[in-house]
Amino acid sequence: MLSDVCGRKLNTYLPDYVVFDLETTGTSCYSDAVVEISALKVKGGSVVDEFTTLVNPKRHIPGFVVGIHGISDDMVKDSPCFREALSDFLEFAGDEVFVGHNIQSFDLKFLYRDAQNYWGKTIGNDYIDTLSFARKVLKGLDHYRLSDLADYYDIPIIGAHRALNDCRMNQQVFEHLAKELGGQPQICPRCGSSLIRRNGRFGEFWGCLNFPDCKFTRDAKK
Ligand SMILES: [Zn+2]
């Protein structure tokens, strides 16, 4: 939803969320534009609805990028502009928590930038970045790309780098990552992320999984 402040980053599992993904004309959140936006709505850990649209970026899509996602100028010439697509996406998402891979450094920057341009507002949905979540709950992998995580969990990689396929893969990865937390995690009262048991100089304590963004701790004996 449109808001005056950006949503908070959570590092936790929630059973209800909207996982989304963008394809773009390139990697710059200053000069590039969205060519596809897709999302899955998840309730109780299961997909209940989907949203997907190609987007006309009103500019040429460079050949090397077409080589990655396969979306060409011709495919988007009759598609809606991003103002319309983003508005539809936000209506689809409502105030659900966003989930996505590397969205803090990439996808959300496009959404925040364009919401600001179109409506003078940002986007207030809290979000879980599965890249940062995976790094915290799953130690020891060499790489944490979405495809690496899919590989690790034996999730089939079908049609990677088209947004809806990436959402499907991301949704399954997120459900697997949730199991790494084990049981019912305690929730940080300050930021809504999970708390995990850590060992410190003064013994065991609960620390926020969103550390260092959130520095909440609780004595493990309480
Ligand atoms: Zn916290």
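**Cysteines, a sheet and a zinc site**

C6 has a relative accessibility of 43%, which makes it partly exposed. The model that shows this is predicted. What keeps C6 out of a disulfide? Its closest cysteine sulfur belongs to C29 and is 13 Å away, too far for a bond. A disulfide would need the two sulfur atoms within 2.5 Å. A search of the whole structure gives the matching result: zero disulfides. C81 is another partly exposed cysteine, at 25% relative accessibility.

Other cysteines hold a metal. The zinc ion is coordinated by the SG atoms of C188, C191, C208 and C214. The distances run from 2.3 to 2.4 Å. Why is the arrangement tetrahedral? The four donor atoms subtend angles of 96 to 115° around the zinc ion. Four donors count as tetrahedral if all angles lie between 85 and 135 degrees, so this site qualifies. Along the sequence, the donor residues follow the spacing C-x2-C-x16-C-x5-C. C188 sits in the loop between β9 (186-187) and β10 (194-200), while C208 belongs to strand β11 (residues 203-208). The pair therefore ties together parts that lie 20 residues apart in sequence. Both ends of this link are covered. C188 is buried, with a relative accessible area of 2%. C208 is buried as well, with a relative accessible area of 1%.

Now turn to the sheet. Strands of a sheet pair through backbone hydrogen bonds, in either a parallel or an antiparallel sense. Here six strands form an open sheet with mixed pairing, in the order β2-β8-β6-β3-β4-β5. β2 (9-10) and β5 are the edge strands. Each has a single partner strand, so one side of each is left without a neighbour in the sheet.

Step through part of that order. β3 pairs with strand β6 (residues 98-100) in the parallel sense, over two bridges. One contact there matches V18 with F98 in β6. β3 also runs antiparallel to β4, and eight bridges join the two. Among the residues on that border, Y17 has V42 in β4 as its bridge partner. β4 then pairs with strand β5 (residues 46-54), again antiparallel and over eight bridges. Here E36 stands opposite L54 in β5. The hairpin of β4 and β5 has two residues between the strands. Within this hairpin, G44 takes a positive phi near 55°. How much of strand β4 (residues 34-43) is covered? Nine of its 10 residues are buried.

Aromatic rings add further contacts. A search of the whole structure finds 11 aromatic pairs. F20 and F89 form one that is tilted, with 5.5 Å from centre to centre and 50° between the planes. F20 lies in strand β3 (residues 17-24) and F89 in helix α3 (residues 82-93), so this pair ties together parts that are 69 residues apart in sequence. Buried or exposed? F20 counts as buried at 1% relative accessibility. F89 counts as buried too, at 0%.

The F20 and F89 rings also belong to a wider group. Ring pairs link F20, F51, F89, F92 and F98 into a cluster. F98 has already appeared, as the bridge partner of V18 in β6. F92 has a charged neighbour: K41 lies over the face of its ring, at 4.6 Å from the ring centre.

Terms used
Residues are numbered from 1 along each chain as its sequence is written. This is a predicted model: local features need pLDDT of at least 70, side-chain atom pairs count only at pLDDT 80 or more; totals for chains, interfaces and linings use all residues. Side-chain values use heavy atoms; hydrogens and water are left out. Donors are N, O and S atoms within 2.8 Å of the metal (3.2 Å for Na, K and Ca); water is not among the atoms, so sites may look incomplete. Four donors count as tetrahedral if all angles lie between 85 and 135 degrees; four count as square planar and six as octahedral if opposite donors are over 155 degrees apart and all others between 65 and 115; anything else is irregular. Helices (H or I, at least four residues) and strands (E, at least two) are DSSP runs, numbered from the N terminus. Buried means under 20% relative accessible area, exposed over 50%, partly exposed in between (1.4 Å probe, protein chains only). Rings of Phe, Tyr and Trp (its six-membered ring) pair if their centres lie within 6.5 Å; planes under 30 degrees apart count as stacked, over 60 as edge-to-face and the rest as tilted. A charge sits over a ring if NZ of Lys or CZ of Arg is within 6 Å of the ring centre and within 35 degrees of the ring normal. Two strands pair if DSSP finds at least two bridges between them.
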